[in-house]
Structure formats: structure tokens, C-alpha cells
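These are my notebook entries on one structure, kept in the order in which I looked things up. I began with a single side chain and then widened the view.

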Amino acid sequence: MMRREQERKQTLYKETAGVVMSWFNKSKINAEEMKLLLNLLEEIMTNKHFPQLTKSLREWQNSAIDQGAEEIIMATLMAADFKKPEEIVSIIVMIDDFLAESGEYT
Amino acid sequence: MQWSIQDRNKEGILFDLDSERRVLSAMFDSEESCIEAYNALKASDFYSPRHALVFDLLCNLFERETRPTFVEVLKEGHELGMFADPQEIEEIKYIAEQYIDEANIKYWIAKVKEKAKLRYFELFLRKNHQNLMEKNQNELEAEKILLGAEEELTNLTALDIDDFVDTPDSLAKLGYDEVERRFLRYKEIRDKYKGVIPLDGLPTGFDNLNHITLGYKPGDLIILGAQTGHGKTAFALNTAKSIALDAKQPLLYLNTEMSREQIALRWASILTGIEHDRIRLGDIDETKLSIIFNAYSELQDSGFYSYPCPNLTPEKTISLARKFKVQKNIAMMIIDYVGRMDKIDPRLQEWQILEQIVKAQKLLAQNLKIAVLCLVQLNPDGTLQGAKRMKNECDLMLKLSPIPREDLEEDENLKKYLNPNYYIYVEKNRDGLSGVRMPIVFDLQRQTMNDAQSVS
């Protein structure tokens, strides 16, 4: 049962990576966006070092923070090196700060 | 060497795409599988060019210490301008979905290797057939043609692809190069080092032992025996200090008994000379704390990699050594200690297990071209179980034991040294002098070991 569940997650992970690559190949996203999505996928599905990242990203997506903050978060995410844990931590802190400022943080 | 993929007659005989996919898929999923495949296969062992390419990508990531996941392979491929065709991505995805149990990786690797050997054989047949057809009547010397083919076939049938048969020519060249190297070194000793012999291998941490062995060399298996509580770990860490800290050579230290914290604390004593008990208790002042802090920066900049592993098995040591050889280029591995390793087969006697472990470590040292130091426990009477067999396998066998009180009182030779309390006895030395006892000073409290200094 556990094994089947594991395989299901692996299939989902590979399917998602495949979809991201196909968006890039169809020019729906650029190279930076493709890398960001793959990095997020890797962090959330494989590395799982920062469960808080998923929560923060989800809350950001469901929030209505101002355009300027949106752009800063996107630019920081795009430039982040996901191999450096301190960069992921600072992204989480930054998103949470913006959400708190806008009164969206729960 | 290419065959048409449409040639269905060859599938199953000369290639097995399913096995290739399973090996690659396992490499995506587990580090152990990656280590096994990296060491056993090369890209040309894969029939499918796509599989060979994915294998290369996985190996490149593994060498750079990046876990070769599906996403990492896609990113790596993208950097290299690959995977622009959706069909390619589907193929990689299909490969990655051929799940196998990590425990079966050797089986699938063997299947890939088997087919690769058959393809090399087919190529051999084709090439020789073509050679024969292209020769004219005057060149047809059967004996010469057969001898040439035989040599090539011998290499093909060698057990391992890395096996190398020395020809008279290559052996003579090797012999001359070795003599010339020694001649030049001797000249250098005389002219540049004023008679002090430079080491051939890694420093042992003891001047006398350096002099006798010329250092621990790649491929060497060194065994050090000592009774419980008589300095096995201290010897191991002092060896590590001279190699990983002083000479800055990468070294892997496997410990079966101690925790990470215990190993880290031992270093404080070794590096600063502050009593271990005081460090353990925290009975130090601010000045000593500052000294210890500075000493740890030396460890920080060193090549010391530690892996505490209470359930270490011979298989695991092989796998770890391979990984650290690829990723850190280790020059030595220390196993502290062999007697604590898990049994491969519970029906075997203790000495049989030790013999198996030691044999495996010798092979590992030779294959990876690293020195391996195995620590073993001596019986209370100073003997070693299975000693004769171990002695056969190793290049250097050392015993560490306290100097008996009567020796200290009566041996005139020992009186020439300042406070010696332990002997390092060289029981076997493949490349030099053996049967030698070297007096050393082992400071149990400070965990340090040094050559006993002469009374000047």
C-alpha cells in the first residue's frame, strides 16, 4: 500500500515536471520561469526541507497583496538559488512579511 | 558500433532495453543504485544512445554531489541544449518510471553488462571478418592474424572491463619508469632534502613509521590491532589529523561505536592538548574555550569526513568508499573498528568474518587506489583471531600495546627515550623492514600520540 502510494507520488512528480518542460517548449513560459517551477517542484516533492514554503506560497497565491509586493516576490523567487537553504528561508520570511503587512496573514 | 533498432532479430540477444531503463530509473530514485551503476558501467555499455546520454547526465550530477533526480536531469539537459522535443521528455519520463527495488540493482546492472559484452564480441567478429576479407593473398599469415585476434579476445573475456593484461613491452616500460622514479627521488633526497627521505604516500603521523613505510600508499591495506581501551580510536584520529588536517588530503572516517558528538569532542583534545575529561565536563575557562574555538577552525578547513555508523556492513563500506572517492577524491578510509561490523552470515565463525571483511577492504583499496586502515581488536593475550590470514591480505600490520613495566625498568634502549609508554610493533611490512618496535608517547587524557623523543 505504502509502495503504491509512493509510486503514485513519483508519477505525479514526473508528470508535473514533464508539463513544466512542455510549457517551456511551447513558449508558454520562459527559461527562468521554467527553472523556478522545477525548483519549487523539487523542493516540495523531493527535498521537503521547508514545509513552511508550501504554506507561504499557498497563502500568497490566495492573497490580494499589492502589485509592487507581487513583483518583488516573483523577482526574488526567480533569482533564488534553491540549493542554498538560507535563500529559501529568506523567501519564506519575505512572503510572510508582505502577507502580514497587508493583513492577509493567518 | 550501431545497429538498426528495426533489426528485431538482435533484440534480446545483443541488447536489452528494459534492463537499461531499469538501471537508469533506479539511479533516479536511489543514491545506492547510483553508486553501484556509476562504478560498474560506462555510457558505451548502453545500447540506446538516449540511455547512454541519460546515464552520462546522471553521472555528471552525481559527481557534482547533486542528487540526480528527474527534475535535476531535466535542468541539466536544458542547460546543455537538450530536451527541446516533447518526445524526448516523454522518453525520459518513461525511463524514470521503470521502478525496481534498490536491492536488485546489481542484477539489472549485470544484465546490461552482459549484453554490452556480447555487442563488443559481435564487433570483434565483424572487424576481424572485414580485416580478413580486405587482405590480399600475400598478407594472409594465419598465425599472425590469429595471434592478433586472440589478444583482443583475451581482453574481451577478462572478468572486469578494467582488467589489464601486461604485455612484455608495457611491463618493461613500467619497470624502467619505477626505477627511474626511485633514482630521481634518491638524487633529490641527497641534493635537496639533505638526506631526509620524502614520503611515497600519506604521512602516518609518526616520523619513525614514516621512515620505515615511506607513508601509506594508494592500494595499501593497513591493519592496526590493539586491546580494548588501548588507543585504537586515538590512533585513528591522530592518523586522520596528520593526513586530513596537516597534509589536507581528503579522508573518510567510519566509526561503529561513537556518536557524532563523541567524535567531535575528541577532536578538541587532540587539537588543543586539553584533557578530554575536562572538555567533556565543560570544566574549562574562557581562555581555553577560545583556544578550542580556534582549533576547530583547523578541522573546518580540513579534508576530514566522518560517518558514524553503528550498523556498518562490508557492503556499506564499499558503497561509502566509492561515493566519497568520486565526490571528494578521498586518499584514505579508516574503519574504526572491524569487529563491530554487522555479520554477513551469522553461521560464520568470528575469524571467518574478519577474514572476509579484510579481503574485501584490500580489493577496495586496490580498485579505488586509496589506502584503507582497518582497526581490529586484539585478544587479552595480545593475539589476533585469524591473524595469519589477515596478515596475508594486508600490506602493513601494526600492533599497539603498552610497554611492560619490566621493559621500562630493564631495557637500556628504552632509557634513551623521554617517557615512552606504548609500542607500535610492525608485524608485517610488505615494502620494507618488519619486526620493529617503535616507542611512542600515548597521552590518554589528551588523546594524542607522538614519537617518543630521544634524550639528548
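**Entry 1: one asparagine.** I worked from a predicted model. I first located B:N238, which belongs to helix α10 of chain B. Is B:N238 buried or exposed? Its relative accessibility is 10%, and because buried means under 20%, B:N238 counts as buried. I then listed its contacts, setting aside neighbours within four places in sequence: B:I270, B:Q447, B:T448 and B:M449. For B:M449 I noted a polar approach as well, since a polar atom of the B:N238 side chain lies 3.5 Å from the backbone nitrogen of B:M449.

**Entry 2: the nonpolar cores.** I next looked up the largest nonpolar core, which has 44 residues. Within this core, B:Y216, B:F235, B:W267, B:F304, B:M332 and B:L398 have the most contacts. Which helix gives the most to this core? I found that helix α10 (residues 232-246) of chain B does, with eight residues. I followed B:M332 further and, not counting residues up to four places away in sequence, found that it touches several residues, including B:Y216, B:T239, B:I243, B:L252 and B:L373. I also recorded a second, separate core of 42 residues, with B:F55, B:C59, B:L61 and B:W108 among them.

**Entry 3: the sheet.** I traced an open sheet of nine strands in chain B, in the order β3-β2-β4-β5-β1-β6-β7-β8-β9, and noted that its pairing is mixed. Why is one side of β3 (304-308) and of β9 (448-451) of chain B left without a neighbour in the sheet? Both stand at the edges and each has a single partner strand, so one side of each stays unpaired. I noted an average twist of 25 degrees from one strand to the next. Inside the sheet I checked β1 (residues 221-226) and β6 (residues 396-402) of chain B, which run parallel and are joined by five bridges. In β6(B), B:M397 is the bridge partner of B:I223. I then found helix α14 (residues 314-328) of chain B lying across β2 (251-255), β3 and β4 (332-336) of chain B, at about 155 degrees to β2(B).

**Entry 4: a covered helix.** Last, I examined helix α4 (residues 70-79) of chain B, where nine of the 10 residues are buried. Among them are B:F70, B:V73, B:L74 and B:G77, and also B:E72 and B:K75. What do the buried residues of α4(B) pack against? I found α1 (2-25) and α2 (31-47) of chain A, together with α1 (17-29), α3 (49-63) and α5 (86-96) of chain B. Just after α4(B), I noted that B:G81 takes a positive phi of about 80 degrees.

Note on methods. Residues are numbered from 1 along each chain as its sequence is written. Chains are lettered from A and ligands numbered from 1 in the order in which they are written. This is a predicted model: local features need pLDDT of at least 70, side-chain atom pairs count only at pLDDT 80 or more; totals for chains, interfaces and linings use all residues. Side-chain values use heavy atoms; hydrogens and water are left out. Buried means under 20% relative accessible area, exposed over 50%, partly exposed in between (1.4 Å probe, protein chains only). Helices (H or I, at least four residues) and strands (E, at least two) are DSSP runs, numbered from the N terminus. Contact means heavy atoms within 4.5 Å. A nonpolar core is a set of buried Ala, Val, Leu, Ile, Met, Phe, Trp, Tyr and Cys residues joined through side-chain atoms within 4.5 Å. Two strands pair if DSSP finds at least two bridges between them. Axes are lines fitted to C-alpha atoms, for helices over the stretch in contact, and angles run from 0 to 180 degrees between N-to-C directions. A polar contact is a pair of N or O atoms within 3.5 Å; within protein, one must be able to donate a hydrogen and the other to accept it, and residues adjacent in sequence count only if both atoms are side-chain atoms.
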